[in-house]
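Here's a quick briefing to read with the model open beside you. Take it one topic at a time, and find each residue as you go.

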Amino acid sequence: MTNDSLYLPHKLYLWNMKNLQLPNYDRFIRICWGILYITLLFQFIPQTSLVEAILYPALVLLSCYPLTTFLSSTLLVKAIHRKRLYTFALQFIGISLLCEFIYFIWSFLFYQIELMRIFPPSDLFMVDQPLYYMPVFITAGVLVNMIICAFRFFQENLKFQQQLYESGLHTLKTQINPHFMFNVLNHIHYYVETKDDLASVLLLKYSDVLRYQLYSTGNEWVTVGQEVQFLKDYIEIEKIRWGR
């Protein structure tokens with residue numbers, strides 16, 4: 001089997017891998033944060049004033065966004081590459097607790113603002129009941145970080161699988177290409193020595209195959225006609241070589 005017979009499934013596999021990956025991961029994550037904000041907004045509107053419902057989730061999410069992004073985009077990626085997932089688990093807990101503290105600080109500030117009658121009183125910021133409110137903070141911090149890190153882990157895993165496959169295929173090609181090339185050249189030499197007209201036919205067919213390999217296999221897309229012609233040339237070469 002040559003790299004020529006492996007080329008089409010390889011291209012289809014890489015096409016599937018690229019389509020599974022998010023084309024713009026950062027934009028996708030920002031959209032997720034936006035959806036989270038809208039969800040919290042509609043959840044808080046019935047419980048407090050409209051201004052507080054708009055400001056509170058915006059300030060909380062803007063404060064936690066850099067921490068969660070640093071956790072998923074930097075610490076998680078380093079942990080994957082260095083295989084230090086236990087260290088990342090501790091970092092995950094630490095940043096989640098920090099996010100919890102941020103939630104509490106903003107809740108406390110809004111609670112004080114309500115006491116000052118700047119905003120009308122509501123039941124949303126019950127910081128005077130920590131046993132009731134702390135589980136909510138902890139769950140929110142852990143859940144948001146877990147979802148964002150899961151998306152990043154999925155993205156990094158797909159990138160790793162694609163790189164692994166491409167590396168393995170490249171190694172296979174470096175082993176197979178010379179074998180096929182030398183066999184064809186040996187047959188061309190034989191036909192030249194015997195003054196057989198098949199030498200020129202085989203040489204032309206093989207030049208077409210080489211041209212396709214050099215200029216088309218690096219492209220992300222090729223036409224069906226190009227693939228069909230390549231297969232016809234390859235089959236014709238084998239027929240000439242083996243007299244079939």
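Let's start at isoleucine 38, which sits in helix H2. Keep in mind that this is a predicted model. From that starting point we'll look at the helix around it, then at some side-chain contacts.

**A nonpolar patch on the surface**

- Isoleucine 38 has a relative accessibility of 45%, so it counts as partly exposed; the partly exposed range lies between 20% and 50%.
- Isoleucine 38 also has company: Ile38, Phe42, Ile45, Leu50 and Ile54 make up a nonpolar patch on the surface.
- Together, the residues of that patch have about 470 Å² of accessible area.
- Two elements each give two or more residues to the patch: helix H2 (25–44) and helix H3 (50–82).

**Helix H2 and its two sides**

- H2 is 20 residues in length, and the span from its first C-alpha to its last is 29 Å.
- That is close to the 28 Å you'd expect at 1.5 Å a residue.
- Which residues of H2 are buried? They are Tyr25, Ile29, Trp33, Leu40, Leu41 and Phe44.
- Look down the axis of H2 and its buried residues fall within an arc of 165°, so they line one face of the helix.
- Over on the other side of H2, you'll find Arg27, Ile35 and Phe42 exposed.
- Phe42 is worth a second look, since this exposed residue of H2 is also part of the nonpolar patch.

**Aromatic pairs and a cluster**

- How many aromatic pairs turn up in a search of the whole structure? The search finds eight.
- One of them joins phenylalanine 28 and phenylalanine 151, edge-to-face, at 5.1 Å centre to centre with 90° between the planes.
- Phenylalanine 28 belongs to helix H2 and phenylalanine 151 to helix H5, so this pair ties together parts 123 residues apart in sequence.
- Both partners count as partly exposed: phenylalanine 28 has a relative accessible area of 26%, and phenylalanine 151 comes in at 28%.
- Then there are tryptophan 33 and tyrosine 65, whose ring centres are 5.4 Å apart and whose planes meet at 75°, so this pair is edge-to-face; the cut-off for that label is over 60 degrees.
- Tryptophan 33 is in helix H2 and tyrosine 65 in helix H3, 32 residues apart, and the pair links these distant parts of the chain.
- Buried or partly exposed: what is tryptophan 33? Tryptophan 33 is buried, at 8% relative accessible area, while its partner tyrosine 65 is partly exposed at 28%.
- Separately, Phe44, Tyr56, Trp106, Phe110 and Phe119 gather into one aromatic cluster. Phe44 is also on the list of buried residues in H2.

**Helix H5: a salt bridge and a neighbour**

- The structure has one salt bridge. Its partners are the side chains of glutamate 156 and arginine 152, with 3.3 Å from N to O.
- Both of these residues lie in helix H5 (residues 130–193), four residues apart, which is about one turn of the helix.
- Are they buried or exposed? Glutamate 156 and arginine 152 are both buried.
- Glutamine 155 is in helix H5 too, and its relative accessible area is 6%, so it is buried.
- Glutamine 155 and tyrosine 25 are 130 residues apart along the chain, yet 8.1 Å separates their C-alpha atoms. Tyr25 is one of the buried residues of H2.

How values were computed: Residues are numbered from 1 along each chain as its sequence is written. This is a predicted model: local features need pLDDT of at least 70, side-chain atom pairs count only at pLDDT 80 or more; totals for chains, interfaces and linings use all residues. Side-chain values use heavy atoms; hydrogens and water are left out. Patches are made of residues with over 30% relative accessible area and no salt bridge: like charges are joined within 9 Å, nonpolar side chains (Val, Leu, Ile, Met, Phe, Trp, Tyr) within 5 Å. Accessible areas come from the Shrake-Rupley method with a 1.4 Å probe; for residues, only the protein chains shown count as cover. A salt bridge is a side-chain nitrogen of Lys or Arg within 4 Å of a carboxyl oxygen of Asp or Glu. Buried means under 20% relative accessible area, exposed over 50%, partly exposed in between (1.4 Å probe, protein chains only). The expected span of a helix is 1.5 Å times one less than its number of residues. The arc is that of the directions from the helix axis to the C-beta atoms. Rings of Phe, Tyr and Trp (its six-membered ring) pair if their centres lie within 6.5 Å; planes under 30 degrees apart count as stacked, over 60 as edge-to-face and the rest as tilted.
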